[in-house]
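Here are a few exercises to work through with the coordinates open. Try each task before you read its solution.

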4 protein chains.
Amino acid sequence: MLTQATTRPTGADPAAEYLGIRAQTEAFADRLSPEDQTVQSMPDVSPTKWHRGHTSWFFESFVLAPHLPGYKLVEPSYGYLFNSYYESVGDRLPRQQRGTVSRPGASEVGRYRRLVDEAMCKLLGAPIEDDVAGLVELGLHHEQQHQELMAMDIKHVLWSNPSFPAYREERPGPRPRDPQLRRSSSPEVRFEELPGGVVSIGHGDAGFAFDNERPRHDTLVQPFALASRPATCGDWLEFIADGGYRRPELWLSDGWAKVCGEGWESPLYWLDRTGERDFAIFTLHGLRDLDAAEPACHVSFYEADAFARWQGGRLPTEAEWESVASHQVPTGRPVLHPRPIGDSAPMFGDVWQWTLNSYGPYPGFRPAAGAVGEYNGKFMVGQYVLRGGSCVTPLGHVRPTYRNFFPPAARWPFTGVRVARDL
Amino acid sequence: MLTQATTRPTGADPAAEYLGIRAQTEAFADRLSPEDQTVQSMPDVSPTKWHRGHTSWFFESFVLAPHLPGYKLVEPSYGYLFNSYYESVGDRLPRQQRGTVSRPGASEVGRYRRLVDEAMCKLLGAPIEDDVAGLVELGLHHEQQHQELMAMDIKHVLWSNPSFPAYREERPGPRPRDPQLRRSSSPEVRFEELPGGVVSIGHGDAGFAFDNERPRHDTLVQPFALASRPATCGDWLEFIADGGYRRPELWLSDGWAKVCGEGWESPLYWLDRTGERDFAIFTLHGLRDLDAAEPACHVSFYEADAFARWQGGRLPTEAEWESVASHQVPTGRPVLHPRPIGDSAPMFGDVWQWTLNSYGPYPGFRPAAGAVGEYNGKFMVGQYVLRGGSCVTPLGHVRPTYRNFFPPAARWPFTGVRVARDL
Amino acid sequence: MLTQATTRPTGADPAAEYLGIRAQTEAFADRLSPEDQTVQSMPDVSPTKWHRGHTSWFFESFVLAPHLPGYKLVEPSYGYLFNSYYESVGDRLPRQQRGTVSRPGASEVGRYRRLVDEAMCKLLGAPIEDDVAGLVELGLHHEQQHQELMAMDIKHVLWSNPSFPAYREERPGPRPRDPQLRRSSSPEVRFEELPGGVVSIGHGDAGFAFDNERPRHDTLVQPFALASRPATCGDWLEFIADGGYRRPELWLSDGWAKVCGEGWESPLYWLDRTGERDFAIFTLHGLRDLDAAEPACHVSFYEADAFARWQGGRLPTEAEWESVASHQVPTGRPVLHPRPIGDSAPMFGDVWQWTLNSYGPYPGFRPAAGAVGEYNGKFMVGQYVLRGGSCVTPLGHVRPTYRNFFPPAARWPFTGVRVARDL
Amino acid sequence: MLTQATTRPTGADPAAEYLGIRAQTEAFADRLSPEDQTVQSMPDVSPTKWHRGHTSWFFESFVLAPHLPGYKLVEPSYGYLFNSYYESVGDRLPRQQRGTVSRPGASEVGRYRRLVDEAMCKLLGAPIEDDVAGLVELGLHHEQQHQELMAMDIKHVLWSNPSFPAYREERPGPRPRDPQLRRSSSPEVRFEELPGGVVSIGHGDAGFAFDNERPRHDTLVQPFALASRPATCGDWLEFIADGGYRRPELWLSDGWAKVCGEGWESPLYWLDRTGERDFAIFTLHGLRDLDAAEPACHVSFYEADAFARWQGGRLPTEAEWESVASHQVPTGRPVLHPRPIGDSAPMFGDVWQWTLNSYGPYPGFRPAAGAVGEYNGKFMVGQYVLRGGSCVTPLGHVRPTYRNFFPPAARWPFTGVRVARDL
């Protein structure tokens, strides 16, 4: 069981809660053609239909097969196809080959999902042990993580198409077209000073949390200041105009190697239409004019770090960030808001915020028992922690103790930066 | 005009001939799902829907746009997507990224094909200049080449799927299952002795030929002997059993590097089910028991060369091969015979036969004028010539002077070997 | 100035201290032929003559050129050759090409060193400003770092030679040959329990320290236990025998990918003579029988982490390690002890010990001003901290606050593991 | 025996002839430092001391060990180090690692050479069998091939040094500095028309030839014209000025990929000092002003082919070239003329001339028996034939039937182009 203190899903009807989350996955995928769902535009990306199959395989392998008497696998060969990285469960298709597999197709995957859902409803219709309940809960949080990954991944797939198609057309509305208007609306950033001291971070109570959020523990924080909002596209335009991508002294050595090697001149998905920094931004709504007030998004850890240095600051630590966010409740949003536009609690919901912390274990960390112990712990090297959720994080999925993580060069997640300063 | 002596298509009704060949493409693709048509399983492979779009773009770019007054491109962005390698026509999607483009989808490509066909019928319904007729004829031969490529490519796509799906299920029939029977039916190979001398090769008369088949010219051939049939799977089993893939003295140096680097132990698509050379062969019908009498297929130039050396022979030259085949008429077969099983003229139709010749220009070679001059000439380095057609070469497409070519490591074409000997 | 509190070198005679350290570099190189000094056996390795030139360039660029009036560069083109990574100083030879440069040869580099030394003695013979004194001190610590790198690098160069030559022959002595004797002498490991609490780490006083050791600051440590000695080769044999390199559940995911991709089956420089774990170890003395009591060396962070997990522990944090070591004075050894054999303080001197900490800035970290600010800060991503020094760390170079760092896959440094446990 | 008709070396004193050729190798190497002799600047290049060792290993392995009774290998481990590519002789150091081996050093290799030479003199002092004499003769021609390779390779090594050192300083002499003078002296190219017909090519008589030059045979040549001299640097400047490196229609497809991928804008070793085509050329004498009358050198097959097409011609075939050259005797030059400047017979001696022919077997080709059968035959794929020798081909080594070969992208040999035309 992954959570150290288990609870049954809070809904009165576990099957209904299960089906509700599962349906959000399908609702997202329904807007995509079979071809869209098949493409893997780079090794980090997985095809939509793979996400749909993998999340079902998760329930099948970890819940149904061991805990529903008489259950038969829908199709034994799916284990090879849909296992992501669980060494203890057996061999699997190499990740970078997920886009070479045309069958099962999108509709066959839909059938797989329905059969798994039927069996899960049967299982959830009767009383179950706490540990099984814990696995179901884990599976639903896992499904939500893949809902975000589906959004990230299909955005890259569509971006790889020379015609830049939209995932979903934007509803027409009163959007100001005057560039002056567009670029003037972001509030001035303030730096709030905080005293530091011994703070408790990590998940300590009975609700659900991933194993990597535990145990709750004390840590010592020096006095610091934290920006009142994430950096905006307007801020980033200034960074670019000031030579941000041309000055090695702002960058970590590995980051500068990426700038030079990959030709980075702006965040991912920015398109310089004229070569004179007249940027459009590619979103799930397709190409849009850059909005200076919008949080800057799709920046790597390296870029976040360089930007913070350029501003005379640095990235916040996990403990700093959590000590500020811990009293907020992320209000969240529906499965998908196609671009970052704040309507959540101040620390949450627009862009994942890079921290200074390499992803590692908390003092006293213990991975979950069993195969699901591979969920988090084995990735605790070479990645950096992000906090706060993004516009494509499902409603209810994020919390103040939540630790997301990606390699420092990753740019396809919805990642931004909130600057901190020493006092 | 690509052909040096042009003729109108021989059919009484050019539009009907055009539509007939175009329909064969669609008939082949109709058995494939949108997902199947989207995948690129390795850089050499193109997605089915790309082939369908590219062949249409060929007519649109080289026939309709310049020669049908008032014609408007169906979708200007298709030029970037569907140009294969014509530098003079503009930029294009890098080849290895064809599998990252989900849109246009398979049905949108179908619509593109129909609109091109409508315009082509309009053009073909009126008298046309000889040079335009030559381009149409070239476009149809080009379409047929891509019909074969579609078969080669989808075979690799399906092979990349761990469940080895069939392109088309085999019709049940009286297939002997007794291994003794299966492996005893191929006729003994004979070596026919031929006198050599000055022979004329290449295309000289008025019918269609690619520019690389011209001009017809004399060349001097030494006396030689040629095998009466291509090597069979049974022959290849002997080669393997005699250490064929473990003895460097049989191999060209570059070939031996491939054997070691890629772990070659048999032709492509052979599957050793037990590790004891109990081979199944993957075909467009799915996995089948190896048939010892079937021509060995999907061998590289390197393997063909090593096999011939093992047999005490060598590969034939183009001139040797053509001097024997020149009096035969390939009877051909429908668009697709899913595996090599001879029913054509002796030198034709089962497997492409590697020759000793590097692909280069004939004496006096002149590429076709205009953009289609990039069709053949610019590939005349680093590849080897194959002759004779294969079971997936469309009916009527091959002829004695036809020069196919692939790099020496290529194994996904339907390639085999007919051994020659010095006298 | 890199140090926040500067002091003049402590010796009464700065020039003598300077020359003493510089002479150790040349004494090490004197045993090597010009050919030995030229080879770069992998991209991480630099040729010996490059180290000798680079450390001289450091003094020339950062001390002589700006601070010795009238100084002329020995050879302006050396800037391009011998700049390691200082972006602010100009272009430089790509690192992986250092082994392609034959000239200047080893003796010309010796002349360069002598000319730099003469000028340095002139500068040091007169009173100098504190900031210049700080740069000289930095240059000498930098020289010592390269003395260790020279030892690491030439070990890899000689290992790359199929005849496994020794850097220096071992003096004959009474070395027990009986395998039982050899493998029985290491003391049983004990785990000392420590209470944790708020501890101060980092360099706070006036002596020399690199910028990355500052500022001294408080941090909170949980109760923990620490092994009384580093893991030995005998321990590692048990790890191997228990399937250590074959059990993915022991490994971080990136580490397991290395095990599989690189075929790791033991630490670097272990040679399995019979395929049955009859190991020899390659040392600067050449190949020797494995000594079970010797500290295990040349393991990556991944291997250290997996070994600790196998033992039921984990790597120590920097703060844990430093809180234990802070009261010890490393006694050190001459420039080179060719293999790890403990004769220093308990926490020091045999093998660098991997910690759990990704290399990052301390709270309040400020890089040194000027070009030497590139010395440490820009590498604070993607690497892990090591503590304690090794048998090839020069005498007097290491201290309790010293932070060494390497990427997690690095194995050619003299790296080992001391296991910690949660309490 | 490699030669089909063997003769003893023609000299009255075989040992003296042997020692004379061996001494030329050492004379060339004597100008190089141990460091120069150690570097491998790219995978195609071998270190000088490797060439010196390998050529000695050749005599040791193929002559002394099998044919001198009681001979003991100087050092058995040299077999691994100095075997180039003979599979039948055993394992060997991977080619690209030759530059990672510092020992044996240059002087130890000298000792190896002397010991081999002593044994060879013992063997040559007594009557020997014809087949042994054939192997000695082969070994001497092999030694001469490596003399040329040493020149090619060290040129690349020195070029890789940012200070562009000379192999040997040029003797001062009356070299005109006026650019007008320098660029006006090459004779106008003429195209001599030749009737073609049946011609005999290949080596047929009793003298030495490599197996790949045999058997002599008839072939049919169409009427053609051949340029009276190779293309000059002045010609190449015109090619560049006319967009030669920017016009894809001039290039083979693989060649154009190299132009774009490698950024080719001129032959190798041309250095554009101002960015405005003010070229210096790197030679074994160091950097020199471009001499327009000098043959263009260090061009790939791709560049040669594009240049010929730009001139309205094509590369000559082997048969065409040999039919013109067959009546000339190359007068040759000492071991090394550091840059191409014609003083030989018209078809010989300045630059190797690319032909249109892929390197393959002549009709009836039989590789030599035994291990030396790997000398030529196994490379007969993917390379192109060059004819005529170059300024660094040793005196007496080349002949009209000589077939040199390199891959089409190779630029570091002394390669140029003589244009042919169809009539």
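**Exercise 1: the domain interface in chain A**

Between domain 1 of chain A and domain 2 of chain A there are 13 residue pairs in polar contact (both at pLDDT 80 or more); a polar contact is a pair of N or O atoms within 3.5 Å, where within protein one must be able to donate a hydrogen and the other to accept it, and residues adjacent in sequence count only if both atoms are side-chain atoms. This is a predicted model, in which local features need pLDDT of at least 70 and side-chain atom pairs pLDDT 80 or more, while totals for chains, interfaces and linings use all residues. Residues are numbered from 1 along each chain as written, chains are lettered from A and ligands numbered from 1 in written order, and side-chain values use heavy atoms, without hydrogens and water.

Task: find which helix gives the most to the domain 1 side of this interface in chain A.

Solution.
1. α1 (14–29), α2 (48–67) and α5 (130–159) of chain A each supply at least two residues to that side; helices are DSSP runs (H or I, at least four residues), numbered from the N terminus.
2. α5(A) gives the most, with 15 residues.

**Exercise 2: cysteines**

Task: explain why C297(B) forms no bond with C391(B).

Solution.
1. A disulfide needs two cysteine sulfur atoms within 2.5 Å.
2. The closest cysteine sulfur to that of C297(B) is in C391(B), 6.0 Å away, so the two are too far apart for a bond.
3. Over all chains, the structure holds zero disulfides.
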